[in-house]
Amino acid sequence: AVCSMGNSSSRLYSVLAKTLSSGAVSQQQDCLEQLDSAQLDPIDPKDLLEECQIVLQKRPPRFQRNFVTLKKNTGSSHRPIRVMQWNILAQALGEGKDNFVQCPMEALKWEERKCLILEEILAYKPDILCLQEVDHYFDTFEPLLSRLGYQCTFFPKPWSPCLDVEHNNGPDGCAMFFLKERFQLVSSANIRLTAMKLKTNQVAIAQTLKCHDTGRLFCIAVTHLKARTGWERFRSAQGCDLLQNLKDITQGAKIPLIVCGDFNAEPTEEVYREFSNSSLNLNSAYKLLSPDGQTEPPYTTWKIRPSGECRHTLDYIWYSQHALDVNSALGLLTEEQIGPNRLPSFHYPSDHLSLVCDFSFNQDPDRLL
(Lines give C-alpha, C1' and ligand atoms only; values in the text may rest on other atoms or scores of the structure.)
Protein backbone atom coordinates (compact mmCIF):
# COMPACT_ATOMS: atom_id res chain seq x y z
CA ALA A 1 0.00 0.00 0.00
CA VAL A 2 1.14 3.53 -0.79
CA CYS A 3 0.22 6.32 1.61
CA SER A 4 -0.21 9.79 0.22
CA MET A 5 1.76 12.23 2.35
CA GLY A 6 0.82 15.50 0.66
CA ASN A 7 2.89 17.69 -1.58
CA SER A 8 6.66 17.83 -1.38
CA SER A 9 6.77 20.80 0.98
CA SER A 10 4.69 19.03 3.62
CA ARG A 11 5.81 15.45 3.00
CA LEU A 12 8.46 15.30 5.71
CA TYR A 13 6.37 17.27 8.14
CA SER A 14 3.62 14.68 7.74
CA VAL A 15 6.09 12.00 8.83
CA LEU A 16 7.30 14.10 11.73
CA ALA A 17 3.73 14.85 12.75
CA LYS A 18 3.05 11.12 12.77
CA THR A 19 5.64 10.68 15.50
CA LEU A 20 5.24 14.03 17.20
CA SER A 21 1.47 14.10 17.53
CA SER A 22 0.07 12.66 20.73
CA GLY A 23 -3.54 13.33 19.89
CA ALA A 24 -5.20 13.55 16.49
CA VAL A 25 -5.50 10.41 14.41
CA SER A 26 -5.67 10.75 10.65
CA GLN A 27 -5.84 8.33 7.75
CA GLN A 28 -2.24 9.17 6.97
CA GLN A 29 -1.18 8.21 10.48
CA ASP A 30 -3.23 5.01 10.43
CA CYS A 31 -1.58 4.06 7.18
CA LEU A 32 1.90 4.86 8.44
CA GLU A 33 1.38 2.78 11.56
CA GLN A 34 0.86 -0.26 9.36
CA LEU A 35 4.22 0.21 7.64
CA ASP A 36 7.44 -1.22 8.93
CA SER A 37 9.88 1.63 9.39
CA ALA A 38 12.47 -0.22 7.28
CA GLN A 39 10.08 0.09 4.30
CA LEU A 40 9.84 3.86 4.62
CA ASP A 41 12.10 6.24 2.74
CA PRO A 42 15.27 7.49 4.40
CA ILE A 43 15.11 10.94 5.97
CA ASP A 44 17.70 13.63 5.33
CA PRO A 45 18.84 14.72 8.83
CA LYS A 46 19.04 18.35 7.66
CA ASP A 47 15.40 18.26 6.62
CA LEU A 48 14.34 16.70 9.91
CA LEU A 49 16.34 19.31 11.84
CA GLU A 50 14.60 22.08 9.91
CA GLU A 51 11.20 20.59 10.71
CA CYS A 52 12.10 20.38 14.40
CA GLN A 53 13.16 24.00 14.34
CA ILE A 54 9.81 24.99 12.81
CA VAL A 55 8.03 23.29 15.72
CA LEU A 56 10.39 25.03 18.16
CA GLN A 57 10.32 28.50 16.61
CA LYS A 58 8.67 30.04 19.69
CA ARG A 59 11.25 28.53 22.03
CA PRO A 60 14.69 29.98 22.83
CA PRO A 61 17.52 28.76 20.57
CA ARG A 62 19.70 25.83 21.58
CA PHE A 63 22.60 26.58 23.88
CA GLN A 64 26.06 26.64 22.32
CA ARG A 65 28.26 23.87 23.67
CA ASN A 66 31.78 23.35 22.37
CA PHE A 67 33.89 20.25 22.02
CA VAL A 68 37.12 20.24 24.02
CA THR A 69 40.06 18.61 22.25
CA LEU A 70 41.71 16.12 24.60
CA LYS A 71 44.18 14.30 22.38
CA LYS A 72 45.76 15.84 19.29
CA ASN A 73 47.44 14.07 16.40
CA THR A 74 46.47 10.57 17.44
CA GLY A 75 47.95 9.26 14.21
CA SER A 76 44.77 7.33 13.60
CA SER A 77 43.67 7.06 9.99
CA HIS A 78 40.07 6.16 10.79
CA ARG A 79 37.20 8.50 11.60
CA PRO A 80 36.56 8.93 15.31
CA ILE A 81 33.59 7.09 16.79
CA ARG A 82 31.20 9.61 18.32
CA VAL A 83 29.23 8.26 21.31
CA MET A 84 26.34 10.13 22.93
CA GLN A 85 25.00 9.29 26.41
CA TRP A 86 21.74 10.84 27.61
CA ASN A 87 18.96 10.32 30.12
CA ILE A 88 16.26 12.09 28.12
CA LEU A 89 13.61 12.10 30.92
CA ALA A 90 10.63 9.82 30.42
CA GLN A 91 7.61 11.87 29.38
CA ALA A 92 5.28 10.18 31.86
CA LEU A 93 7.70 10.84 34.73
CA GLY A 94 8.35 14.45 33.72
CA GLU A 95 4.67 15.26 33.61
CA GLY A 96 3.35 12.95 36.29
CA LYS A 97 5.94 12.07 38.97
CA ASP A 98 9.13 14.10 39.05
CA ASN A 99 7.74 17.38 40.45
CA PHE A 100 10.05 19.89 38.79
CA VAL A 101 8.57 22.76 40.75
CA GLN A 102 10.30 25.54 38.78
CA CYS A 103 9.55 24.07 35.35
CA PRO A 104 6.29 25.24 33.72
CA MET A 105 4.12 22.37 32.50
CA GLU A 106 4.05 24.11 29.12
CA ALA A 107 7.79 23.42 28.80
CA LEU A 108 7.11 19.67 29.14
CA LYS A 109 4.67 19.39 26.22
CA TRP A 110 5.72 16.28 24.34
CA GLU A 111 5.07 17.72 20.87
CA GLU A 112 7.79 20.32 21.48
CA ARG A 113 10.02 18.59 24.04
CA LYS A 114 10.68 15.66 21.75
CA CYS A 115 11.72 18.10 19.02
CA LEU A 116 14.26 19.55 21.47
CA ILE A 117 15.56 16.02 22.09
CA LEU A 118 15.77 15.30 18.36
CA GLU A 119 17.44 18.66 17.73
CA GLU A 120 20.15 17.82 20.28
CA ILE A 121 20.76 14.41 18.69
CA LEU A 122 20.80 15.83 15.16
CA ALA A 123 23.17 18.63 16.16
CA TYR A 124 25.88 16.27 17.48
CA LYS A 125 25.37 13.46 14.94
CA PRO A 126 26.44 10.52 17.12
CA ASP A 127 27.58 7.29 15.50
CA ILE A 128 26.25 5.52 18.60
CA LEU A 129 23.45 6.86 20.79
CA CYS A 130 22.73 5.49 24.28
CA LEU A 131 19.53 6.69 25.96
CA GLN A 132 17.78 6.09 29.26
CA GLU A 133 14.18 6.80 30.33
CA VAL A 134 12.87 6.19 26.81
CA ASP A 135 9.08 5.80 26.89
CA HIS A 136 8.36 6.88 23.31
CA TYR A 137 10.58 4.36 21.54
CA PHE A 138 8.02 2.76 19.23
CA ASP A 139 6.14 5.89 18.18
CA THR A 140 9.04 8.33 17.91
CA PHE A 141 12.66 7.24 18.24
CA GLU A 142 12.65 3.92 16.40
CA PRO A 143 10.59 5.17 13.40
CA LEU A 144 12.66 8.32 12.96
CA LEU A 145 16.16 7.12 13.84
CA SER A 146 15.84 3.95 11.77
CA ARG A 147 15.12 6.18 8.78
CA LEU A 148 18.24 8.19 9.60
CA GLY A 149 20.29 5.00 9.18
CA TYR A 150 20.45 3.72 12.75
CA GLN A 151 19.91 0.15 13.91
CA CYS A 152 17.70 0.39 17.00
CA THR A 153 17.37 -1.71 20.17
CA PHE A 154 15.10 -1.17 23.17
CA PHE A 155 14.91 -2.98 26.51
CA PRO A 156 12.16 -1.76 28.87
CA LYS A 157 12.19 -1.99 32.65
CA PRO A 158 10.11 -4.95 33.87
CA TRP A 159 8.08 -2.69 36.19
CA SER A 160 8.37 0.81 34.82
CA PRO A 161 7.11 3.63 37.09
CA CYS A 162 5.72 5.23 33.93
CA LEU A 163 2.90 2.70 34.03
CA ASP A 164 1.61 4.29 37.26
CA VAL A 165 0.95 7.55 35.41
CA GLU A 166 -2.41 8.11 33.76
CA HIS A 167 -2.27 8.34 29.95
CA ASN A 168 1.25 6.90 29.88
CA ASN A 169 2.91 5.72 26.69
CA GLY A 170 4.09 2.37 28.02
CA PRO A 171 7.18 1.42 30.03
CA ASP A 172 10.45 3.33 29.91
CA GLY A 173 13.78 1.64 29.39
CA CYS A 174 17.23 1.80 27.83
CA ALA A 175 17.70 2.22 24.09
CA MET A 176 20.73 1.93 21.84
CA PHE A 177 21.16 3.14 18.27
CA PHE A 178 24.17 2.74 15.96
CA LEU A 179 24.76 3.80 12.36
CA LYS A 180 24.62 0.78 10.08
CA GLU A 181 26.94 2.42 7.56
CA ARG A 182 29.70 2.48 10.20
CA PHE A 183 29.19 -0.75 12.16
CA GLN A 184 28.05 -4.33 11.84
CA LEU A 185 26.25 -6.00 14.75
CA VAL A 186 28.15 -9.10 15.88
CA SER A 187 26.20 -9.94 19.03
CA SER A 188 23.60 -8.36 21.30
CA ALA A 189 22.57 -9.06 24.89
CA ASN A 190 19.67 -7.67 26.88
CA ILE A 191 20.67 -7.89 30.55
CA ARG A 192 18.28 -7.73 33.49
CA LEU A 193 20.52 -6.71 36.36
CA THR A 194 20.61 -8.68 39.60
CA ALA A 195 21.41 -7.59 43.15
CA MET A 196 21.96 -10.01 46.03
CA LYS A 197 21.04 -12.80 43.57
CA LEU A 198 17.63 -11.21 42.98
CA LYS A 199 16.45 -9.96 39.62
CA THR A 200 15.89 -6.20 39.73
CA ASN A 201 13.93 -3.61 37.80
CA GLN A 202 17.04 -2.19 36.13
CA VAL A 203 18.39 -3.28 32.77
CA ALA A 204 21.30 -2.95 30.35
CA ILE A 205 21.97 -3.56 26.67
CA ALA A 206 25.41 -4.72 25.51
CA GLN A 207 26.27 -5.04 21.82
CA THR A 208 29.48 -6.14 20.16
CA LEU A 209 30.05 -4.19 16.96
CA LYS A 210 32.55 -4.46 14.13
CA CYS A 211 33.87 -1.14 12.85
CA HIS A 212 33.76 -1.07 9.04
CA ASP A 213 36.66 1.40 8.81
CA THR A 214 39.13 -0.65 10.84
CA GLY A 215 37.69 -4.16 11.09
CA ARG A 216 38.10 -3.86 14.87
CA LEU A 217 35.58 -5.26 17.33
CA PHE A 218 34.37 -3.35 20.37
CA CYS A 219 31.52 -3.63 22.86
CA ILE A 220 29.12 -0.78 23.66
CA ALA A 221 26.79 -0.99 26.67
CA VAL A 222 24.05 1.22 28.10
CA THR A 223 22.45 1.02 31.55
CA HIS A 224 20.40 2.90 34.15
CA LEU A 225 20.96 1.90 37.78
CA LYS A 226 18.54 2.16 40.71
CA ALA A 227 17.81 5.71 41.86
CA ARG A 228 17.52 7.39 45.28
CA THR A 229 19.49 7.82 48.46
CA GLY A 230 19.60 4.72 50.63
CA TRP A 231 20.07 2.32 47.71
CA GLU A 232 23.85 2.59 47.50
CA ARG A 233 24.54 -1.09 48.30
CA PHE A 234 21.87 -2.10 45.80
CA ARG A 235 23.53 -0.03 43.06
CA SER A 236 26.88 -1.53 44.02
CA ALA A 237 25.48 -5.03 43.56
CA GLN A 238 23.94 -4.07 40.22
CA GLY A 239 27.27 -2.63 39.10
CA CYS A 240 29.08 -5.84 40.04
CA ASP A 241 26.56 -7.88 38.07
CA LEU A 242 26.93 -5.64 35.02
CA LEU A 243 30.74 -5.79 35.21
CA GLN A 244 30.66 -9.57 35.38
CA ASN A 245 28.41 -9.72 32.32
CA LEU A 246 30.71 -7.34 30.46
CA LYS A 247 33.80 -9.37 31.41
CA ASP A 248 32.19 -12.42 29.82
CA ILE A 249 31.11 -10.52 26.70
CA THR A 250 34.52 -8.86 26.19
CA GLN A 251 36.42 -12.07 26.98
CA GLY A 252 38.08 -10.43 29.96
CA ALA A 253 38.76 -7.09 28.21
CA LYS A 254 40.18 -8.60 25.00
CA ILE A 255 37.43 -6.66 23.22
CA PRO A 256 37.51 -2.88 23.90
CA LEU A 257 34.53 -1.59 25.86
CA ILE A 258 32.48 1.61 26.20
CA VAL A 259 29.81 1.78 28.92
CA CYS A 260 27.29 4.62 28.95
CA GLY A 261 24.77 5.19 31.67
CA ASP A 262 22.90 7.08 34.32
CA PHE A 263 24.42 5.34 37.33
CA ASN A 264 22.42 7.41 39.85
CA ALA A 265 25.68 7.45 41.81
CA GLU A 266 28.10 10.22 42.70
CA PRO A 267 31.84 9.49 42.31
CA THR A 268 31.99 8.91 46.09
CA GLU A 269 29.82 5.79 45.82
CA GLU A 270 31.05 2.22 45.89
CA VAL A 271 29.68 1.41 42.42
CA TYR A 272 31.86 4.19 40.95
CA ARG A 273 34.93 2.71 42.65
CA GLU A 274 34.02 -0.75 41.33
CA PHE A 275 34.07 0.55 37.76
CA SER A 276 37.25 2.56 38.37
CA ASN A 277 39.08 -0.44 39.83
CA SER A 278 37.67 -3.14 37.57
CA SER A 279 39.95 -5.60 35.82
CA LEU A 280 38.42 -4.24 32.61
CA ASN A 281 40.73 -1.22 33.10
CA LEU A 282 38.02 1.40 32.61
CA ASN A 283 38.36 5.15 32.89
CA SER A 284 35.65 7.80 32.96
CA ALA A 285 35.94 9.96 29.86
CA TYR A 286 34.57 13.16 31.38
CA LYS A 287 37.30 13.21 34.03
CA LEU A 288 39.60 14.25 31.20
CA LEU A 289 37.91 17.66 31.04
CA SER A 290 39.27 18.54 34.50
CA PRO A 291 42.68 20.26 34.87
CA ASP A 292 44.19 17.21 36.57
CA GLY A 293 42.32 14.63 34.50
CA GLN A 294 41.21 12.97 37.71
CA THR A 295 38.05 14.86 38.69
CA GLU A 296 34.49 14.35 37.45
CA PRO A 297 32.42 17.36 36.36
CA PRO A 298 30.60 19.19 39.19
CA TYR A 299 27.22 18.12 37.79
CA THR A 300 25.50 16.20 35.01
CA THR A 301 21.98 16.81 36.38
CA TRP A 302 20.54 19.91 38.03
CA LYS A 303 16.91 20.30 39.04
CA ILE A 304 14.62 21.76 41.71
CA ARG A 305 12.12 19.50 43.44
CA PRO A 306 9.84 20.20 46.42
CA SER A 307 12.62 18.94 48.72
CA GLY A 308 15.05 21.50 47.28
CA GLU A 309 17.78 21.90 44.71
CA CYS A 310 19.47 18.73 43.40
CA ARG A 311 22.84 19.10 41.69
CA HIS A 312 24.67 15.83 41.13
CA THR A 313 27.14 13.99 38.91
CA LEU A 314 25.39 10.74 37.98
CA ASP A 315 26.06 10.15 34.26
CA TYR A 316 29.21 8.62 32.83
CA ILE A 317 30.91 7.31 29.71
CA TRP A 318 33.41 4.63 30.75
CA TYR A 319 35.94 3.28 28.25
CA SER A 320 38.81 0.80 27.95
CA GLN A 321 41.78 3.09 28.47
CA HIS A 322 44.27 0.49 27.20
CA ALA A 323 42.54 0.19 23.83
CA LEU A 324 40.73 3.49 23.20
CA ASP A 325 41.68 7.17 23.18
CA VAL A 326 39.28 10.02 23.90
CA ASN A 327 39.92 12.60 21.19
CA SER A 328 37.39 15.15 22.42
CA ALA A 329 34.42 15.62 24.73
CA LEU A 330 31.47 18.00 24.62
CA GLY A 331 31.64 20.70 27.27
CA LEU A 332 28.77 20.89 29.77
CA LEU A 333 26.29 23.74 30.13
CA THR A 334 27.39 26.46 32.51
CA GLU A 335 25.33 27.53 35.51
CA GLU A 336 24.50 30.76 33.69
CA GLN A 337 23.21 28.84 30.66
CA ILE A 338 21.14 26.50 32.82
CA GLY A 339 19.54 29.46 34.60
CA PRO A 340 18.04 29.91 38.09
CA ASN A 341 15.05 27.59 37.48
CA ARG A 342 17.44 24.76 36.48
CA LEU A 343 16.36 21.78 34.33
CA PRO A 344 14.24 20.87 32.43
CA SER A 345 13.17 24.16 30.88
CA PHE A 346 11.99 25.83 27.68
CA HIS A 347 15.68 25.82 26.68
CA TYR A 348 16.54 22.21 27.50
CA PRO A 349 14.35 19.07 27.40
CA SER A 350 15.78 16.91 30.19
CA ASP A 351 16.95 17.18 33.78
CA HIS A 352 20.18 15.43 32.68
CA LEU A 353 22.82 16.83 30.34
CA SER A 354 23.89 14.89 27.29
CA LEU A 355 27.48 13.63 27.24
CA VAL A 356 29.28 13.24 23.89
CA CYS A 357 32.78 11.85 23.25
CA ASP A 358 34.86 11.09 20.17
CA PHE A 359 36.88 7.86 20.46
CA SER A 360 39.62 6.33 18.36
CA PHE A 361 41.28 2.95 18.64
CA ASN A 362 44.70 2.97 20.24
CA GLN A 363 47.31 2.31 17.60
CA ASP A 364 48.89 -0.45 19.69
CA PRO A 365 45.96 -2.87 20.07
CA ASP A 366 48.15 -5.53 21.69
CA ARG A 367 49.33 -3.21 24.46
CA LEU A 368 48.98 -5.01 27.78
CA LEU A 369 46.38 -3.96 30.35
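**Notes on the sheet and on Ser284**

1. Starting with the sheet: seven strands make up an open sheet, ordered 1-14-15-2-3-5-4, with mixed pairing. Strand 1 (67-69) and strand 4 (150-156) are the edges, each of them pairing on one side only. Going from one strand to the next, the twist averages 20°. Keep in mind as you read that this is a predicted model.

2. Now a closer look at one pair inside that order. Strand 2 (residues 81-87) and strand 15 (residues 355-361) run antiparallel to each other, with five bridges between them. If you want a spot to click on, Val83 sits opposite Cys357 of strand 15.

3. Next, what packs on the sheet. Helix 5 (residues 110-124) does, and it touches strand 1, strand 2, strand 3 (128-134), strand 14 (324-330) and strand 15. Its direction makes about 160° with that of strand 2.

4. Helix 6 (residues 137-147) lies across strand 3, strand 4 and strand 5 (173-179). The angle to strand 4 is again about 160°.

5. On to Ser284, which belongs to strand 10 (residues 282-284). Is Ser284 buried or exposed? Its relative accessibility is 1%, and buried means under 20%, so Ser284 counts as buried.

6. Which side chain does the side chain of Ser284 join in a polar contact? That would be Glu296, at 2.6 Å. Glu296 also turns up among the residues that Ser284 touches, along with Tyr272, Tyr316, Ile317, Trp318 and Tyr319, once residues up to four places away in sequence are left out.

Methods:
Residues numbered from 1 in each chain as written. Predicted model: local features only at pLDDT ≥ 70, side-chain atom pairs only at ≥ 80, totals over all residues. Heavy atoms only, no water. Helix = DSSP H or I, 4+ residues; strand = E, 2+ residues; numbered from the N terminus. Buried < 20%, exposed > 50% of the residue type's maximum accessible area, 1.4 Å probe, protein only. Polar contact = N/O pair within 3.5 Å; in protein donor to acceptor, adjacent residues only side chain to side chain. Contact = heavy atoms within 4.5 Å. Pairing = 2+ DSSP bridges. Axes fitted to C-alpha atoms, helices over the stretch in contact; angles between N-to-C directions.
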